[in-house]
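Work through the exercises below with the model open. Try each task before reading its solution.

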Amino acid sequence: MIKYALLFLFALTFCSLQAQVFKLTPKQEADINALIEKMTLDEKIGQLNLFTSDWDVTGPTLRAGYRDDVKAGKVGAIFNAHTAKYNRDLQRVAVEETRLGIPLLFGYDVIHGYRTIFPIPLAEASSWDTVMVQEAARIAARESSAAGLHWTFAPMVDVARDPRWGRVMEGSGEDVNLGSAMARARVRGFQGTDLADEATILACAKHFAAYGAAKAGRDYHTVDISDRVLRETYLPPFKAAMDAGAGTFMTSFNEVDGMPASGSRYLLTDILRKEWGYDGFVVTDYTSINEMVKHGVVANERQAAKLSIEAGVDMDMQGATFYDHMSALVTTGKVELKVVDQAVKRILRAKAALGLFEDPYRYSDEKRQKRYVLAPEHRTAAREAAGKSMVLLRNDKNILPLTTDKKVALVGPLAESQYDMIGAWHADGQGKEAISPLTGLKTVFPSLQHVSAADFKLDGTAKYLDNARIDAAVDAAKLADVIIACVGEKADMSGEAASRTMLELPGRQLELLRKLKATGKPLIVIVFTGRPLVLGEVAGLSDAMLLAWWPGTEAGNAIADVLTGEVNPSARLPMTFPRSLGQVPIHYDMKNTGRPMDADNKYSSKYLDGKNTPLYAFGYGLGYSKITYASPKVSKTTFSENENITFSISLQNNGDYKQRETVQFYYRDPIALRTRPVLQLLTWRQVDLAPGQVASVSITVKADDLTYLGPDGKTPTLESGRIELFAGPASDKLQKVEVNFNKTSN
Ligand code: NOJ
């Protein structure tokens with residue numbers, strides 16, 4: 001009896017641990033088991049291989065060898081192939097010409113849109129608007145699924161704190177909670193509530209894990225972090241993505257504790273499978289199994305394949321290590337067949353969840369493709385998203401918004417770019433379909449004068465602006481009422497393999513701005529970038545500065561909306577903007593240290609030649625209206641485990657514009673068993689306030705929201721004692737209330 005009770009308890013615990021991302025019927029599960037029974041070893045290994053297609057001027061192509069492999073059942077998934085017709089034809093080969101007819105899975109990097117390109121993910125995160133972000137992912141899924149895709153390699157949920165790292169543009173910035181919220185929103189947007197729905201696609205939480213901690217912001221570089229930092233900072237957005245149902249995870253290129261992620265049993269099995277109970281499948285990043293040879297943890301690719309599958313990898317992206325070596329590894333007894341079977345099962349379950357066994361062609365639908373890809377309503381949504389993602393960094397004397405009768409001189413190397421507007425990782429996005437700042441602004445400022453800079457290279461080293469163009473821009477500026485200068489990075493300056501050692505505006509852009517300023521005309525600077533830049537001097541030169549990021553297909557229209565006040569900017573920074581590169585890494589949730597900054601004490605933690613504070617803090621951003629905050633209040637000053645505190649703050653719109661305000665709530669645990677950050681984001685609320693309107697915004701705070709990982713590095717912990725609660729419009733403009741936590745249990 002006791003034995004049965006224990007078994008029952010075990011089953012209960014196990015079930016609650018098992019995070020079921022694919023909800024299959026018993027019949028589907030039985031069919032998969034029956035299918036695996038029928039499969040030869042080669043057919044099983046085939047399911048573990050993911051290969052890329054190429055792209056020709058006329059569309060996607062598959063190398064001859066790969067096509068033969070598809071026919072032979074040696075490939076389970078293809079990426080980068082898209083468009084309904086092409087994928088349908090290729091699917092036909094898998095379904096009709098292979099022995100078992102197992103459908104292919106088609107993946108692609110649909111990161112911020114398929115064809116209708118939304119703002120880059122870092123920009124979307126600046127909206128702090130999870131509803132909007134979810135909707136953007138839903139639209140991306142609707143377009144890409146119609147074009148034959150089943151699976152996106154997104155969301156990228158790597159916490160990123162070093163702006164030198166080009167891939168900061170793909171994520172949600174430096175904060176764990178904001179990043180987790182964005183991860184959930186994106187997974188829900190891509191996957192919807194039913195993966196078998198023809199308009200939803202599988203999500204992939206990447207890059208597992210700690211890729212964002214690459215030393216010195218250099219892509220693919222070593223990561224060396226403590227387990228505490230891994231678990232407190234880098235893992236939570238992955239857990240959030242999993243809890244939201246993310247069907248797949250992608251390994252990262254980097255090592256963690258001396259082991260590359262694609263060979264890390266600790267990450268892929270101990271944490272992901274055992275601690276979290278994940279039942280989706282794990283794909284590697286591009287050739288990252290092979291790269292373990294160069295990392296120096298295995299002598300050859302055969303060993304790498306063994307290490308990887310035994311660590312918990314299910315699918316090999318492009319490396320062909322399973323393809324080349326798994327058969328020999330299994331037949332010589334070096335890898336157990338059950339390990340392969342388990343990986344096959346996870347992949348087949350994903351295919352079943354997508355409904356591919358019922359109808360392998362349901363996602364390749366030319367009619368839907370025509371109807372939805374770049375649909376007008378998607379462009380409208382992209383325009384709204386772009387408006388909500390632009391951060392107003394400066395607005396001296398309320399120079400913005402501008403009336404449309406202004407004589408504008410539009411200058412700067414990005415003013416007429418279409419391609420750069422859609423940013424890196426733009427999937428099938430086409431520069432020619434994007435609205436440039438010039439096109440967007442011309443429609444609202446009829447007397448706009450533009451000085452072309454289209455032929456300038458923007459790579460920071462080559463000629464970036466020449467004297468003649470700078471002079472022409474200055475001449476035009478002298479005749480104008482106001483100057484709008486479009487400066488920043490080109491799209492290929494951030495993203496993968498796009499790390500930088502300097503964060504100033506590249507090339508001669510600063511020189512251009514200095515000369516424009518010298519004209520005495522009001523200078524509005526629009527900054528396009530995929531990362532935080534060092535903007536101190538730019539800010540000093542500008543009367544207004546708008547951070548547009550890379551806004552997507554509707555860039556120019558959204559910029560016009562914001563500059564004219566049609567849209568009142570409401571975005572807030574998801575990453576700290578440093579004063580200088582020397583401050584990097586800089587993020588708001590730093591630790592206090594034993595010698596916190598003290599201007600009067602040389603032996604305190606500071607620089608000799610610069611401040612500790614950033615140029616623009618996490619959470620910072622302006623709007624056109626003026627919002628004033630009253631003092632925050634708590635419903636009680638003492639609480640224990642089962643009690644909630646209501647923490648509230650009221651605010652008023654004292655300006656002339658309707659304003660969306662993001663009220664931010666933070667906390668600090670000043671004395672704990674392990675050091676804690678000086679500030680941590682708890683949550684936020686967005687309110688729309690009409691001129692004159694007052695609102696009271698409140699949140700519920702409970703002990704669970706305030707825990708940290710205790711001395712064992714794993715157990716959520718909170719001791720009795722003082723907790724500081726903060727509320728306000730940005731991480732550096734907060735008001736504090738203190739409460740006391742009384743722990744009643746042990
Ligand atoms: C390498 C990148 O790191 C990853 O994010 C991407 O999904 C794959 N390439 C496929 O394009």
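**Exercise 1. Unusual backbone**

Task: Find where alanine 209 sits, and say which residue a cis peptide bond joins to alanine 209.

Solution. Keep in mind that this is a predicted model.
- Start with location. Alanine 209 lies in the loop between β7 and α9 (227–234).
- Now read the bond. Phenylalanine 208 and alanine 209 are joined by a cis peptide bond, with omega about 5 degrees.
- Look for another cis bond. The peptide bond from alanine 154 to proline 155 is cis, and omega is near 5 degrees. Proline 155 belongs to the loop between β6 (151–152) and α8 (176–191).
- Turn to phi. Threonine 83, a residue other than glycine, has a positive phi near 95 degrees. Its place is the loop between β4 (77–79) and α5 (84–97).
- Set this against the general rule. Most residues other than glycine have a negative phi, and most peptide bonds are trans.

**Exercise 2. The ligand shell**

Task: List the residues that surround the ligand, then sort the shell by class.

Solution.
- Collect the neighbours, using a cut-off of 4 Å between heavy atoms. The shell holds Phe79, Asp109, Phe153, Arg167, Lys206, His207, Met250, Phe253, Asp285, Met317, Trp425 and Glu496.
- Sort them. Six are nonpolar, one is polar and five are charged.
- Check the polar pairs. A polar side-chain atom of aspartate 109 is 2.5 Å from a ligand oxygen atom. For arginine 167, a side-chain N or O atom lies 2.6 Å from an oxygen atom of the ligand. For lysine 206, the distance from a polar side-chain atom to a ligand oxygen is 2.8 Å.
- Finish with cover. On its own the ligand has 300 Å² of accessible area, and the protein covers 94% of it.

**Exercise 3. A three-stranded sheet**

Task: Give the strand order of the open sheet of three strands, and name its edge strands.

Solution.
- Trace the order. It reads β7-β8-β11, with parallel pairing.
- Mark the edges. β7 (204–208) and β11 (281–283) each pair on one side only.
- Add the twist. From one strand to the next it averages 25 degrees.
- Inspect one pair. Strand β8 (residues 248–251) runs parallel to β11, with three bridges between them. Threonine 248 has phenylalanine 281 as its bridge partner in β11.
- Place the helices. Helix α10 (residues 236–243) lies across β7 and β8, at about 160 degrees to β7. Helix α11 (residues 265–275) crosses β7, β8 and β11, at about 155 degrees to β11.

**Exercise 4. A mixed sheet**

Task: Explain why one side of β21 and of β24 is left without a neighbour in the sheet.

Solution.
- Write out the order. Five strands form an open sheet, β21-β29-β28-β23-β24, with mixed pairing.
- Find the edges. β21 (638–639) and β24 (680–689) each have a single partner strand, so one side of each has no neighbour in the sheet.
- Test an inner pair. Strands β28 (residues 721–728) and β29 (residues 735–741) run antiparallel and share seven bridges. Alanine 727 faces glutamine 735 in β29.

**Exercise 5. Partners of β22**

Task: How many bridges link β22 to β25?

Solution.
- Count them. Nine bridges link β22 and strand β25 (residues 694–702), in the antiparallel sense. Glutamine 652 has valine 694 as its partner in β25.
- Continue with β19. Strand β19 (residues 627–629) is antiparallel to strand β22 (residues 644–653), over three bridges. Isoleucine 627 partners asparagine 653.
- End with β20. Strand β20 (residues 633–634) pairs antiparallel with β22 over two bridges.

Note on methods:
Residues are numbered from 1 along each chain as its sequence is written. This is a predicted model: local features need pLDDT of at least 70, side-chain atom pairs count only at pLDDT 80 or more; totals for chains, interfaces and linings use all residues. Side-chain values use heavy atoms; hydrogens and water are left out. A polar contact is a pair of N or O atoms within 3.5 Å; within protein, one must be able to donate a hydrogen and the other to accept it, and residues adjacent in sequence count only if both atoms are side-chain atoms. Accessible areas come from the Shrake-Rupley method with a 1.4 Å probe; for residues, only the protein chains shown count as cover. Ala, Val, Leu, Ile, Met, Phe, Trp, Tyr, Cys and Pro count as nonpolar, Asp, Glu, Lys and Arg as charged, and the others, Gly among them, as polar. Two strands pair if DSSP finds at least two bridges between them. Helices (H or I, at least four residues) and strands (E, at least two) are DSSP runs, numbered from the N terminus. Axes are lines fitted to C-alpha atoms, for helices over the stretch in contact, and angles run from 0 to 180 degrees between N-to-C directions. Contact means heavy atoms within 4.5 Å.
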